[in-house]
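Colleague: I should like a close look at one part of this model, the surroundings of the ligand. Which residues are around the ligand, and what else can be said of the elements that supply or adjoin them?

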Amino acid sequence: MSMERLQKYMASLGIDSRRGCEMLIVQGRVTIEGRLAVLGDKVDPGVTLVCLDGEPLGQYSREELVYVALYKPAGYVTTAQDERGRATVLDLVSDIPERLVPVGRLDMDTEGLLLLTNDGDLTYHLTHPRYGVEKEYVAKVKKIPGLEELECLRRGVMLEDGLTHPAWAEVLSNGLVRLVIHEGRKHQVKRMLASVGCPLSALRRTRIGSLSLSGLRRGEYRFLTQNEVDRLREDCRNIRNGETK
Ligand code: URA
């Protein structure tokens, strides 16, 4: 492994002068393996994934990055490897040769949209609370929330790890509850609904940012189009700039 200063590596790729690349780093536009780079960072050229404004540099051309939307069925663990030998979401995409990582987590008994990718930068932006990308869920509840409960969910409810951010909550015509949240805390939707006295009995994630579950059947996956990947990146940018929908 031959480590090189980040700005020197970026300059060698023709991005800008070394000084110019230092500025890009200081401006927070560069990430290394999905985390924000700082001056003084070193990288292994051609091995470390470096992104500028979300775009991979060097040998990591867009073609080598893989993005998969999976309809996770209940009964699968969202992890790369399960020490208890249970079925994992990677078993459902085992014919894809690239080393994919799930973006965020769905509980074992939750079904719905799960994104898998080898793009550490997009994973970072989609899961970091700072970017607050929307996640939409539809829950089957044991008791239908009334206006007061919906208002609590919208304003934020106090959980043991703190107040939840404002969310969208509504009862659909079929009695299911639709919740749109911007965070990804453990068991968040289950805990939010339980906290207003309306525990759920089944949960499905139907959307992440601009990407929806529609068109997929349980256990099925598909590759995202370049346009869908660009829109997901845009979802992270819009929210960072305070332009939330
Ligand atoms: N909230 C939950 O409670 N469970 C999930 O799997 C996802 C969000």
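Modeller: A residue is called buried below 20% relative accessible area, exposed over 50%, and partly exposed in between, with a 1.4 Å probe and only the protein chains counted. The model is predicted, so that local features require a pLDDT of at least 70 and side-chain atom pairs a pLDDT of 80 or more, while totals for chains, interfaces and linings use all residues. Numbering runs from 1 along each chain as its sequence is written, and side-chain values rest on heavy atoms, without hydrogens or water.

The residues around the ligand, meaning those with a heavy atom within 4 Å of it, are Leu-106, Asp-107, Thr-110, Tyr-137, His-187, Gln-188, Val-189, Lys-190 and Leu-203. This shell divides into 4 nonpolar, 3 polar and 2 charged residues; here Ala, Val, Leu, Ile, Met, Phe, Trp, Tyr, Cys and Pro count as nonpolar, Asp, Glu, Lys and Arg as charged, and the others, Gly among them, as polar. Helix α5 (residues 188-195) supplies the largest share of the shell, 3 residues. Helices (H or I, at least four residues) and strands (E, at least two) are DSSP runs, numbered from the N terminus.

Polar backbone atoms approach the ligand at several points. Asp-107 places one 2.7 Å from a ligand oxygen, and Val-189 has one 3.1 Å from a ligand nitrogen. A further ligand oxygen contact involves Lys-190, whose polar backbone atom lies at 3.0 Å. The protein covers 96% of the 240 Å² of accessible area that the ligand has on its own; such areas come from the Shrake-Rupley method with a 1.4 Å probe.

One member of the shell, His-187, deserves attention for its backbone. His-187 is located in the loop between β14 (177-181) and α5, and its phi is positive, about 50°, although it is not a glycine. Most residues other than glycine have a negative phi. His-187 is partly exposed, at a relative accessible area of 36%. Glu-33 also has a positive phi, near 45°; it belongs to the loop between β2 (30-32) and β3 (35-36) and is partly exposed at 48%.

Asp-107 also has a neighbour that is distant in sequence. Val-77 is separated from Asp-107 by 30 residues in sequence, yet their C-alpha atoms are 6.9 Å apart. Val-77 lies in the loop between β7 (67-72) and β8 (101-102) and counts as buried, at 11% relative accessibility.

Beyond the shell, the loop between β9 (110-117) and α3 contains Asp-119, which is buried at 0% relative accessibility. Its side chain makes a polar contact of 2.5 Å with that of Tyr-67. A polar contact is a pair of N or O atoms within 3.5 Å; within protein, one must be able to donate a hydrogen and the other to accept it, and residues adjacent in sequence count only if both atoms are side-chain atoms. Asp-119 also caps the N-terminal end of α3, with a side-chain oxygen 3.0 Å from the backbone nitrogen of Leu-122. Helix α3 (residues 120-127) is mostly covered, 6 of its 8 residues being buried, and Leu-122 is among them.
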